[in-house]
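Let's take a tour of a protein and look for the empty spaces inside it. Keep the 3D view open as you read.

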Amino acid sequence: MEILDAIGNTSLVRLRKLVPPTSAQILAKLEWENPTGSVKDRMAHAVISRAEQDGRLQPGDSVVEYTGGSTGTSLALVCAARGYRLRIVSSDAFSREKLDQMAALGAELTLVPSEGGLTTRKLILDMIEAARRLSSEPRSYWTDQLNNHDSIAGYQALGEEIWSQTQGRVDAFVHCVGTAATLRGVATVLKRRKPSVRVVAVEPAESSVLLGGQAGPHKIEGVGIGYTPPLWEPSLVDEIVPVASADAKEMARRLAREEALFAGTSAGANVLAALRVAERLGPAASVVTLLADSGLKYLSTDVYKLR
């Protein structure tokens, strides 16, 4: 067994204290159990493996990507294990822990300045352009996460795990949209297995573009890019729920204090949206959501830093 074999097969646990007795049960997948502490390990393994298999990535090549941190850390893990140079474009908008973790695993960082530490459409587009320039150099493979369909396949195993762990008793799946690959990969599997499964997408209320709103700055790291992601597939989605950054942060803190689940900001957004869905579905139903990464990635941010 090697380190990459440790990706996947994460635990599914039931929330006990936050869910009212009149609501559906909420089950949370602990994606921080992956080697870097993030669900993104799944897609990183898939995109590198598939590029190797069809020759887009050759021994001695460099890998290039733009990222808010978790994808970069996951790619750094896979590239370190497989022996590739990794060049990452990121920003000061994202937690110091994420940047340090990427560097610790060998990634070479280029940081694009943000507007006051906020995630904005302009920041994402500036990062993409910086990665495009790096990828034009010889023997560079750009994983280009927002457009890479290989990442969807990386999350289909996650859908199969949810189906197996719930023994098919899943009525709704709730998750934040960043690239949309996670939602699409899981939804494809669950809808094929059980067409009545309700798929709920979550986005920052300050940048609710999937609901037709204006793009705006927000502080839910890793999601809400400010425009409809290319991998978004609306036919798989039954509902879109906006969640404000402040509410997502507070729910992340409550998860830690009340459920002993130490996760990132998107987990707070996911659970808030899941609570709304669970209230409507009632106590006979089951709602599944993801705790996409560990709270250890946010200790220097205002989510957990002592105030």
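## The biggest hollow

The largest cavity holds about 440 Å³ of space. Keep in mind that you're looking at a predicted model. How do we spot empty space in a structure? Rolling a probe the size of a water molecule over the atoms shows where empty space is left. A search of the whole structure turns up four cavities of 30 Å³ or more.

So who sits around the largest cavity? Its lining is made of 33 residues, and K40, G178, E221, G222 and V223 are the ones nearest its centre. Several elements chip in with at least two residues each: α2 (70-82), α4 (121-135), β7 (172-176) and α6 (181-193). The top contributor is α6, with three residues. Sorted by class, the lining has 15 nonpolar, 14 polar and four charged residues.

## The runner-up

The second largest cavity has a volume of about 60 Å³. To find it on screen, pick out V177, E203, P204, S207, V209, L210, G224, I225, G226, Y227 and P229, which line it. In this lining, seven residues are nonpolar, three are polar and one is charged.

## A pocket by α1

Next up is the largest pocket, with about 200 Å³ of space. Its lining is L4, D5, I7, G8, R42, H45, A46, R50, A153, G154, A157 and E161. Two helices, α1 and α5, each supply at least two of the lining residues. By class, five residues of this lining are nonpolar, three are polar and four are charged.

## Helix α1 up close

Helix α1 covers residues 40-53, which makes 14 residues. From its first C-alpha to its last it reaches 20 Å, close to the 20 Å expected at 1.5 Å a residue. Is α1 mostly covered or mostly open? It's mostly covered, with ten of its 14 residues buried.

The buried ones are K40, D41, R42, M43, A44, A46, V47, I48, S49 and A51. K40 also turns up among the residues nearest the centre of the largest cavity, while R42 and A46 help line the largest pocket. The cover over the buried residues of α1 includes β2 (25-30), β3 (62-66), α2, β6 (140-142) and α5 (150-165). Just after the helix, G55 takes a positive phi of about 90°.

## A stop at Q58

Follow the chain onward and you'll meet Q58, in the loop between α1 and β3. Is Q58 buried, exposed or partly exposed? Its relative accessible area is 38%, so Q58 counts as partly exposed: the cut-offs are under 20% for buried and over 50% for exposed.

Leaving aside residues up to four places away in sequence, Q58 touches Y84 and R139. For a sense of distance, try Q58 and N9: they are 49 residues apart in sequence and 29 Å apart in space, C-alpha to C-alpha.

## Zooming out

Now for the whole chain. It contains eight helices and ten strands, and its C-alpha trace spans about 60 × 40 × 35 Å along the principal axes. Why can we call the overall size a match for a compact globule? A compact globule of 307 residues would have a radius of gyration near 19 Å, and the chain has 18 Å, so the two agree.

Of the 307 residues, 60% count as buried. Look too at contacts between residues at least 6 apart in sequence: 73% of them join residues at least 24 apart.

Methods: Residues are numbered from 1 along each chain as its sequence is written. This is a predicted model: local features need pLDDT of at least 70, side-chain atom pairs count only at pLDDT 80 or more; totals for chains, interfaces and linings use all residues. Side-chain values use heavy atoms; hydrogens and water are left out. On a 1 Å grid over the protein atoms alone, a cavity is a set of points where a 1.4 Å probe fits but cannot get out, and a pocket is an open set with protein on both sides within 12 Å along at least five of seven lines; lining residues have an atom within 4 Å of a point. Grid points are joined across faces, edges and corners, and a volume is the space filled by probe spheres set on the points. Helices (H or I, at least four residues) and strands (E, at least two) are DSSP runs, numbered from the N terminus. Ala, Val, Leu, Ile, Met, Phe, Trp, Tyr, Cys and Pro count as nonpolar, Asp, Glu, Lys and Arg as charged, and the others, Gly among them, as polar. The expected span of a helix is 1.5 Å times one less than its number of residues. Buried means under 20% relative accessible area, exposed over 50%, partly exposed in between (1.4 Å probe, protein chains only). Contact means heavy atoms within 4.5 Å. The radius of gyration is taken over C-alpha atoms; the globule rule is 2.2 Å times the number of residues to the power 0.38.
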